[in-house]
Amino acid sequence: MKPSGERTPLAESFQHALDGIKAAAQGRNFRIQVAIAVLVIVLGVALHISVFEWLVVVFCIGAVLGGECINTAIEDMVDLSVKTFKPQAKRAKDVAAGAVLVLSLASLVAGLIIFVPKLF
């Protein structure tokens with residue numbers, strides 16, 4: 001057993017994960033995505049969306065923000081390991097960013113399916 005005040009391995013793992021989220025949150029895109037997520041949540045509350053619709057919204061928000069975290073990690077690793085321009089490095093970064101775009105567009109479509117009928 002660890003002395004009082006020392007973190008357990010599980011607590012350390014959570015702290016590392018929180019540090020990673022904080023690092024991703026420093027990026028412009030992550031902050032924009034969080035702002036959009038907040039607007040969607042407010043809209044969901046105002047329009048009284050169903051439990052199933054909330055599940056879709058929460059999953060979409062998590063997918064986009066998680067994707068952005070992965071994208072940030074990939075971009076940081078590429079930048080760390082590649083000092084001169086390499087087409088493969090650009091491709092890796094572009095594909096990671098493209099993955100976030102795909103998740104964002106799928107989430108947009110899901111949001112339109114959920115919210116448009118309630119607005120009109």
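This dialogue examines how several descriptions of a predicted model are justified.

Trainee: Why is serine 107 called buried?

Mentor: Its relative accessibility is 17%, and buried means under 20%, so serine 107 counts as buried. Serine 107 lies in helix α4, residues 87-119. Leaving aside neighbours within four places in sequence, serine 107 is in contact with Cys60 and Val64.

Trainee: What makes cysteine 60 buried and cysteine 69 partly exposed?

Mentor: Cysteine 60 has a relative accessible area of 14%, which falls under the 20% limit for buried. Cysteine 69 stands at 24%; partly exposed covers the range between 20% and 50%, and therefore cysteine 69 is placed there.

Trainee: How do you know that cysteine 60 and cysteine 69 are too far apart for a bond?

Mentor: A disulfide requires two cysteine sulfur atoms within 2.5 Å. The closest cysteine sulfur to that of cysteine 60 is in cysteine 69, 16 Å away, so the separation is too far for a bond. By this rule the count is zero disulfides.

Trainee: Why is α2 described as roughly antiparallel to α3?

Mentor: The axes of α2 (residues 28-46) and α3 (residues 51-81) come within 10 Å and cross at roughly 175°. That makes the pair roughly antiparallel, because angles over 145 degrees are given that name.

Trainee: Which kinds of residue form the contact of α2 with α3?

Mentor: The residues divide into 12 nonpolar, three polar and one charged. Among them are Phe30, Val34 and Ile41 in α2, and Trp54, Ile61 and Glu68 in α3. Glu counts as charged.

Definitions and conventions:
Residues are numbered from 1 along each chain as its sequence is written. This is a predicted model: local features need pLDDT of at least 70, side-chain atom pairs count only at pLDDT 80 or more; totals for chains, interfaces and linings use all residues. Side-chain values use heavy atoms; hydrogens and water are left out. Helices (H or I, at least four residues) and strands (E, at least two) are DSSP runs, numbered from the N terminus. Buried means under 20% relative accessible area, exposed over 50%, partly exposed in between (1.4 Å probe, protein chains only). Contact means heavy atoms within 4.5 Å. Axes are lines fitted to C-alpha atoms, for helices over the stretch in contact, and angles run from 0 to 180 degrees between N-to-C directions. Angles under 35 degrees count as roughly parallel, over 145 as roughly antiparallel, 65 to 115 as roughly perpendicular and the rest as oblique.
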